[in-house]
Amino acid sequence: MSIRPFQAQRIHAPRDFQSIPNQPICLEIGAGKGKHACAFAAQHPTQLLYAVERTREKFMAMQKQQQLLAADNLQLVHADAIAWTVHAVQPQQLQQVFILYPNPEPHNAAQRWLNMPFFEFLLSRMAAHATLTLASNISSYIDEAEQQLIDLWKLPYQRETVAQDAARTHFEVKYLARGEVCEQLVIQKPENYRTRFDQQAALQGQKPAGTDHAP
Ligand SMILES: C[S@@+](CC[C@H](N)C(=O)[O-])C[C@H]1O[C@@H](n2cnc3c(N)ncnc32)[C@H](O)[C@@H]1O
């Protein structure tokens with residue numbers, strides 16, 4: 001892989017960080033006001049979703065939504081998703097990841113999710129067959145991410161057009177109402193996919209999520 005290794009050891013824990021149990025979870029990065037997180041939790045009562053948002057006003061709006069929902073399978077986290085993932089998530093713990101309408105970072109390509117060394121770390125936290133959904137209204141963002149999947153990450157994916165009547169997130173509603181085309185990549189981690197972090201975890205004898213309770 002021609003990307004520098006992510007320096008996880010240099011990332012400080014978020015303020016007031018609390019660790020989480022090592023059990024299978026779903027993760028939404030940049031959950032905004034929590035529209036998708038609340039709907040997902042309501043529709044998938046057996047899955048536990050951590051919704052991470054770093055902007056205070058959005059996080060507070062998400063908290064209000066969650067109070068209306070009263071679901072115990074949705075955990076809200078006010079933090080930077082990179083720092084939180086590094087400190088909270090164990091190898092192969094993630095069953096599904098959502099990054100819906102990330103900031104496009106027009107002037108800073110290095111800050112786009114699939115261009116970041118952190119993406120390799122995130123892949124190592126995904127279980128075999130787990131999916132990551134990346135949605136955007138900017139076709140060049142999806143084009144670039146798709147090229148990274150082919151050239152760098154070498155991962156299987158599907159590229160899909162988001163239905164006109166979809167309304168998963170506040171940004172999705174806004175873009176579709178303007179008549180913009182929204183697309184998503186649904187990326188799957190294959191069974192035998194290994195990142196440099198998977199190899200490290202194997203050397204350190206770490207157990208994948210869910211195996212603590214195996215018979
Ligand atoms: C364009 S908004 C989309 C919000 C929501 N997903 C939606 O579609 O309505 C991008 C969100 O990602 C959040 N964000 C960006 N980088 C983040 C990071 N590293 N950790 C947590 N949240 C992040 C921003 O605060 C912002 O709320």
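**Group meeting talk: a ligand and a few residues around the fold**

Ala167 is in the loop that runs between strand 6 (157–161) and helix 6 (170–177). I'm starting there, and we'll work our way to the ligand and back out again. Before that, one thing to keep in mind: what you have in front of you is a predicted model.

So, Ala167. Is Ala167 buried or exposed? Neither, quite: its relative accessible area is 38%, so the residue counts as partly exposed. Now look for His36. Along the chain, Ala167 and His36 are 131 residues apart, yet their C-alpha atoms are 8.5 Å apart in space. If you have the structure open, click on those two and you'll see the pair.

Okay, on to the ligand. Where does the ligand sit? In the largest pocket. There are 16 residues around the ligand, and the ones that come nearest are Glu53, Thr55, Ala81, Leu100 and Thr169. What is that shell made of? Six of its residues are nonpolar, six are polar and four are charged.

Let me take three of the nearest residues one by one. With Glu53, the side chain does the work of making the contact: one of its N or O atoms is 2.5 Å from an oxygen atom of the ligand. With Thr169, a polar atom of the side chain is 2.7 Å from an oxygen atom of the ligand. And with Ala81, look at the backbone: an N or O atom there is 2.8 Å from a nitrogen atom of the ligand. How much of the ligand does the protein bury? On its own the ligand would expose 590 Å², and the protein buries 93% of that.

Stay with Ala81 for a moment, since this residue has another partner. The backbone oxygen of Ala81 is 2.6 Å from a polar side-chain atom of Thr85. Thr85 belongs to helix 3, which covers residues 81–88. Thr85 has a relative accessible area of 0%, so this one is buried. So Ala81 has a backbone atom 2.8 Å from the ligand's nitrogen, and its backbone oxygen is 2.6 Å from the side chain of Thr85.

Just past that helix, have a look at Val89, in the loop between helix 3 and strand 4. Val89 is buried too, because its relative accessibility is 1%. Here's a pair for a sense of scale: Val89 and Tyr141 are 52 residues apart in sequence, and their C-alpha atoms are 27 Å apart.

Put that beside another pair. Trp113 is in the loop between strand 4 (94–100) and helix 4 (118–124). With a relative accessible area of 14%, Trp113 counts as buried. Trp113 and Ala145 are 32 residues apart in the sequence, with 8.2 Å between their C-alpha atoms.

Next up, Gln184, which you'll find in strand 7, residues 183–188. Which side chains does the side chain of Gln184 contact? One is Glu160, in a polar contact of 2.8 Å. Another is Arg168, where the side chains are joined by a polar contact, also at 2.8 Å. Gln184 itself is buried, since its relative accessible area is 10%.

Now a couple of backbone oddities. Asp16 has a phi near 60°, which is a positive value in a residue other than glycine. You'll find Asp16 in the segment before strand 1 (25–29). At 69% relative accessible area, Asp16 is exposed. His129 also has a positive phi, near 75°, and again this is a residue other than glycine. But His129 is in a strand, namely strand 5, residues 126–136. His129 is partly exposed, because its relative accessible area comes to 45%.

Last stop: Arg4, back in the segment before strand 1. Arg4 counts as exposed, with a relative accessibility of 54%. What is Arg4 paired with in space? I'd point you to Glu120: 116 residues apart from Arg4 in sequence, and 9.9 Å apart C-alpha to C-alpha.

If you take away one picture, make it the pocket: the ligand sits in the largest one, with Glu53, Thr55, Ala81, Leu100 and Thr169 coming nearest. That's me done, thanks.

Notes: Residues numbered from 1 in each chain as written. Predicted model: local features only at pLDDT ≥ 70, side-chain atom pairs only at ≥ 80, totals over all residues. Heavy atoms only, no water. Near = heavy atom within 4 Å. Polar contact = N/O pair within 3.5 Å; in protein donor to acceptor, adjacent residues only side chain to side chain. Areas by Shrake-Rupley, 256 points an atom, 1.4 Å probe, with all protein chains shown as cover. 1 Å grid on protein atoms, 1.4 Å probe; cavity = no way out; pocket = protein on both sides within 12 Å on 5 of 7 lines; lining within 4 Å. Sits in = over half its atoms within 2 Å of the grid points. Nonpolar A, V, L, I, M, F, W, Y, C, P; charged D, E, K, R; others polar. Helix = DSSP H or I, 4+ residues; strand = E, 2+ residues; numbered from the N terminus. Buried < 20%, exposed > 50% of the residue type's maximum accessible area, 1.4 Å probe, protein only.
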